[in-house]
Amino acid sequence: MTPSRTGGQILVDQLILHGVQQLFCVPGESFLAVLDALHDATIDVTVCRQEGGAAMMAEAQGKLTGRPGVCFVTRGPGATNAAAGVHIAHQDSTPMLLFVGQVARGALGREAFQELDYGAVFGTMAKWVVEIDDPARVPELVSRAFHVACSGRPGPVVIALPEDILTEAATVADALPYAVAETHPGAADMARFQALLEAAERPVVILGGSRWSEAATRDVAAFASAFDLPVYCSFRRQMLMSAEHPSYAGDLGLGANPKLLARIRDADLVVLLGGRLSEVPSQGYELLEIPVPRQTMVHVNADADELGKLYRATQAIHATPQGIAPALAALRPTAPVRWSDRTRAARAEFLAWSDPAPIRIPGPLQMGEVMRHLREVLPADAIFCNGAGNFATWVHRFWPFRAFASQLAPTSGSMGYGLPAGVGAKRLWPAREVVVFAGDGDFLMHGQEFATAVQYGLPILVVLLDNAMYGTIRMHQETHYPGRVSATRLRNPDFRGYAEVFGGHGERVTDTAEFAPALARARASGKPAVLHCLLDAEAITPGRTLQAIRDAALQG
Ligand SMILES: Cc1ncc(C[n+]2csc(CCOP(=O)(O)OP(=O)(O)O)c2C)c(N)n1
């Protein structure tokens with residue numbers, strides 16, 4: 001006999017049977033019945049300080065595991081705050097479930113207290129939005145939410161919960177744990193792919209998107225080795241290939257290596273494996289022609305709708321990276337490959353570009369030295385997290401990603417992501433070292449989540465690069481409106497003191513020599529830590545000063 005349960009209890013039971021072990025929330029009176037059901041459940045709840053941070057923590061867990069991260073927020077303002085994380089999950093193709101409180105069914109449509117129409121609010125951002133209007137339908141609709149979030153191109157699903165369905169009882173059976181369908185290439189697809197590859201003189205492979213696994217990255221690395229192919233990662237997808245692999249040739253981010261871009265333009269075959277080659281990696285949609293690239297193109301994507309959306313590929317294969325990886329690993333060249341010299345040259349260009357040793361910037365704190373030190377002392381599988389800003393270049397260009405699930409960075413370019421992502425990662429895998437790179441602007445967008453790190457005893461390390469401005473925007477200002485500084489200066493707090501008053505460990509770093517001992521003390525502290533690093537404002541990129549950018553713009 002199925003017992004009668006409240007909607008809140010049914011919901012929590014569904015989460016458990018679908019394998020949810022953690023969730024993030026800011027509580028609200030709209031879902032008290034869920035909070036009550038969680039009181040005796042096996043799910044670890046992280047209570048956060050702002051819904052944007054909570055949603056980003058959930059999104060980060062989705063990115064690391066491929067399973068939906070789960071977040072609960074209250075109606076109205078809770079939901080709009082959480083939108084920041086929903087947008088990231090959408091653009092980054094991350095499975096995520098956002099449960100939102102809703103007014104009682106009897107008040108719907110009256111613009112009741114904090115009422116929103118979630119279908120309208122999240123319509124362009126979520127993969128699916130549903131309002132559950134009957135506790136007996138919770139198993140069905142939650143099961144569907146898990147499947148929608150994970151299938152094809154993953155993304156966020158928003159589930160609105162009218163508060164009276166959570167307290168009403170129903171007698172209904174549980175669903176089964178969700179199971180996501182893989183799409184695999186057929187034998188004919190693989191034969192055609194191999195023929196296109198072996199006809200090429202200058203092939204390149206670009207990895208991106210989601211639906212990867214550690215095993216899939218190993219298979220693709222084996223495929224790259226067997227064919228001695230140059231492999232690139234898309235923007236903020238560097239964890240898909242070890243930087244130490246002899247085939248790895250760099251990433252297609254903001255400020256990408258010009259030599260790398262030239263090689264992709266010069267290729268005669270582009271294999272786009274998993275990604276969309278969206279605006280940033282395509283360098284403003286200019287790297288490949290739209291809709292018909294000059295190069296022969298093979299596009300492999302988990303979502304049939306992404307194939308032919310921007311690029312009319314020579315061959316389109318509807319398969320997930322996990323679904324195609326074993327077939328790629330099984331391919332063997334039928335003749336010696338002709339592009340090994342090119343692969344070596346591309347690799348050498350990457351190694352030169354990503355070497356921090358020659359980098360010199362204005363001021364006493366040399367970030368090249370800092371990155372070199374981090375490369376020496378941090379474990380290869382440290383999880384690097386960042387939001388948006390020029391500071392992120394130091395990570396993307398100079399940290400050699402070597403492990404799957406070691407990168408948390410929003411392809412959506414969302415500031416304020418690094419700290420909550422780091423909290424999400426450390427909650428998930430406490431034994432992994434978690435490093436957050438943040439700008440001074442970026443950090444304070446969700447700096448309040450440092451309190452969450454302290455509350456849960458999460459010793460994450462924040463390297464906070466303070467140049468007293470929204471530097472990226474200032475850089476663009478100097479390019480387009482030289483000398484006319486507008487709304488980009490910041491007066492910052494003492495971030496060492498900030499960390500300390502929150503109950504964490506703080507350090508202030510003003511020159512290169514101070515960095516290593518400060519890092520050692522922070523790591524030994526066992527507490528969440530902030531290294532407040534004061535950067536010379538002129539050091540706006542690893543290669544150019546603000547003054548040089550302004551001078552170049554003034555000279556027209
Ligand atoms: C949520 C959000 N708001 C605004 C922007 C626009 N934006 C991009 S980078 C940036 C400045 C980042 O400043 P900071 O974190 O101090 O890093 P810096 O560029 O100085 O290294 C801004 C405002 C954004 N990407 N995301």
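Two helices, α16 (440-445) and α18 (471-480), each give at least two residues to the shell around the ligand, where a residue counts as near if one of its heavy atoms lies within 4 Å. Helices here are DSSP runs of H or I with at least four residues, and strands are runs of E with at least two, numbered from the N terminus. This is a predicted model, in which local features need pLDDT of at least 70 and side-chain atom pairs count only at pLDDT 80 or more, while totals for chains, interfaces and linings use all residues. Residues are numbered from 1 along each chain as its sequence is written, and side-chain values use heavy atoms, leaving out hydrogens and water.

Let's stay with the ligand for a moment. The largest share of its shell, four residues, comes from α16. Of the 17 residues around the ligand, Gly413, Asp440, Asp442, Gly471 and Thr472 come nearest. By type, the shell divides into seven nonpolar, eight polar and two charged residues, with Gly counted among the polar ones.

The backbone takes part too. A backbone N or O atom of glycine 413 sits 2.8 Å from a ligand nitrogen, and one of phenylalanine 391 lies 2.9 Å from a ligand oxygen. Glycine 471 has a polar backbone atom 2.7 Å from an oxygen of the ligand. The protein covers 76% of the 590 Å² of accessible area that the ligand has on its own, as given by the Shrake-Rupley method with a 1.4 Å probe.

Now for the sheets. One open sheet has six strands in the order β3-β2-β4-β5-β7-β6, with parallel pairing; two strands pair if DSSP finds at least two bridges between them. β3 (44-47) and β6 (128-131) stand at the edges with a single partner strand each, so one side of each has no neighbour in the sheet. From one strand to the next, the twist averages 20°. Seven bridges join β5 (96-102) to β7 (156-162), and leucine 98 stands opposite valine 158 in β7. Helix α15 (418-428) packs on this sheet, touching β2 and β3, and its direction makes about 150° with that of β2. Contact here means heavy atoms within 4.5 Å, and angles run from 0 to 180 degrees between N-to-C directions of axes fitted to C-alpha atoms, for helices over the stretch in contact.

A further open sheet of six strands, also paired in parallel, follows the order β11-β10-β9-β12-β13-β14. Four bridges join β13 (296-301) to β14, where histidine 318 is the bridge partner of asparagine 301. Helix α10 (258-266) lies across β9, β10 and β11, at about 100° to β11.

Conventions: Polar contact = N/O pair within 3.5 Å; in protein donor to acceptor, adjacent residues only side chain to side chain.
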